[in-house]
Amino acid sequence: MISKRVDNISEPETIAMAKKARELAAKGYDIISLSMGEPDFPTPDHIKNAAKAAIDANKTHYPPVAGIPELREAVCHKLKRDNKLDYKPENIVVSTGAKHSLMNTILSLVDPGDEVIVPAPYWVSYRDIITFARGIPVFVEGTLENDFKITPEQLENAITSKTKVFLFSNPCNPTGSFYNEAELRQLAKVFEKHPRIFICSDEIYEYINYVGAHYSIAQIPEMYDRTIVINGVSKGYAMTGWRIGYIAARKEIAVACEKIQGQFTSGANSIAQYAAVAALGDNLEPSKMMTAKFKERRDLVLKLVSEIKGIKTTVPHGAYYLFPDVSSFFGKTTEKGELINNGGDLALYLLNEGHVATVQGSAFGEPNCLRLSFATSNDKLTEAFARMKIALDKLK
Ligand SMILES: Cc1ncc(COP(=O)(O)O)c(C=O)c1O
């Protein structure tokens, strides 16, 4: 009855684990969730007030499909201020979250059979978004030793005559790794040899960056016209529920995204768009405060994880995830005699035994790892890592 298109969509494993955790919590267990990827802070007041004012001013009608003019202008202002990038409102399309912006972009560029190169580990939804467009995801594996980043040689070797798009997140979910300007310039040298390829640069974690300034691959003049910058307000302004994302791209691509969106949503929620205008304004203090907190937590979890034997990890330079290699526990048995075969078994064991929800790395294309979100309080993190240590120490 249901179409093959839907059959081919997998439920994000992040959501599947959260569901299991909720079931246990409903039974009365005290579950600490390190599985979801959202800031635990409330949306800043000046943003909430802008939404309230929009309601009172009856800004409640259908918005223009590509976004209200004020927000497209605000996005241009933000891209100039933060990224030294020049765009006009006609280059901007506002959508219902960056996930929707990604879907519009991939649907705009990818024909059936086109290949999309994705460095692994990758964000869960990339694979399904590409397959939904009937493209072929081509994963290029970064290694823990190289901070989970791919090299220009790996990129070159993955390119074929069918490659249409290179899709990556920088900073990266799930690894927290960050390609700096020099590394992006090296990748750009490879792209220069292959003018047909577009670069889809997902910069949703731009503000949650522990190394200082963000650099967008679109800032490299030769890449500007070929890059689709994806960003949004979810992560940097604690606005996941408002569902506002955007692209900045050359006009043909923006027009294509608008065309698709016109048939799917008729544009993003008008009240949330007015809130996003306030978010993208020049009051960056709340975002800076949140990033400082995330950095403190990053340092805390690095300390706590170093106290658990058998775990190897990189230092996340952005986003709010630790992505440790836990493969040394595979092949061990629980006190009940169950064998831990893989990351899925280990994540389930940590949930049932330690009451800590994590996500298996296979969801992100790296089965040796687990993703642990540190977007929660210091107390909860300390308790979660203590519980994980006890549970892991019991494995024989
Ligand atoms: C890498 C990456 N891109 C995009 C998104 C989607 O963000 P939004 O909430 O704006 O749809 C997420 C959310 O988890 C993400 O981790």
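## Asp82 and its partners

Let's start with Asp82, which is partly exposed at 22% relative accessibility in this predicted model. Two basic side chains pair with Asp82. Lys78 forms a salt bridge with Asp82, with 3.4 Å between the closest N and O atoms, and Arg81 meets Asp82 in another salt bridge at 2.8 Å, N to O. Lys78 and Asp82 both sit in helix H4 (residues 69-83), four residues apart, so about one helical turn separates them.

The two basic residues are worth a look as well. Lys78 counts as buried, at 2% relative accessibility, whereas Arg81 is partly exposed at 27%. These contacts belong to a network of salt bridges that links Lys78, Arg81, Asp82, Glu206 and Asp282.

## A salt bridge across the chain

The count of salt bridges in the structure comes to 22. One of them joins Asp114 to Arg196, whose closest N and O atoms are 3.8 Å apart. This pair links distant parts of the chain, 82 residues apart: Asp114 is in the loop between helix H5 (98-109) and strand E3, and Arg196 is in the loop between helix H8 (181-192) and strand E6 (198-202). Asp114 is buried, with a relative accessible area of 10%, while Arg196 is partly exposed at 40%.

## Cysteines without a disulfide

If you are setting up bonding terms, the disulfide count is zero. Cys172 is in no disulfide, and its nearest cysteine sulfur, in Cys369, lies 11 Å away. Seen from Cys369, the closest cysteine sulfur is that of Cys172, and 11 Å is too far for a bond, because a disulfide needs the two sulfur atoms within 2.5 Å. Cys172 is buried at 7% relative accessibility, and Cys369 is buried too, at 1%.

## Cavities

Cys172 also turns up in the next feature. The structure holds three cavities of 30 Å³ or more, and the largest has a volume of about 70 Å³. Its lining is made of 13 residues, of which Pro119, Pro121, Phe168, Ser169 and Cys172 are the closest to the centre. Strand E3 (115-120) and strand E5 (163-169) each supply at least two residues of this lining.

## A nonpolar patch

Finally, on the surface, Met1, Ile2, Val6 and Ile9 make a nonpolar patch of about 470 Å². Val6, one of these residues, lies in helix H1 (residues 4-7) and is partly exposed, with a relative accessible area of 42%.

Key:
Residues are numbered from 1 along each chain as its sequence is written. This is a predicted model: local features need pLDDT of at least 70, side-chain atom pairs count only at pLDDT 80 or more; totals for chains, interfaces and linings use all residues. Side-chain values use heavy atoms; hydrogens and water are left out. Patches are made of residues with over 30% relative accessible area and no salt bridge: like charges are joined within 9 Å, nonpolar side chains (Val, Leu, Ile, Met, Phe, Trp, Tyr) within 5 Å. Accessible areas come from the Shrake-Rupley method with a 1.4 Å probe; for residues, only the protein chains shown count as cover. A salt bridge is a side-chain nitrogen of Lys or Arg within 4 Å of a carboxyl oxygen of Asp or Glu. Buried means under 20% relative accessible area, exposed over 50%, partly exposed in between (1.4 Å probe, protein chains only). On a 1 Å grid over the protein atoms alone, a cavity is a set of points where a 1.4 Å probe fits but cannot get out, and a pocket is an open set with protein on both sides within 12 Å along at least five of seven lines; lining residues have an atom within 4 Å of a point. Grid points are joined across faces, edges and corners, and a volume is the space filled by probe spheres set on the points.
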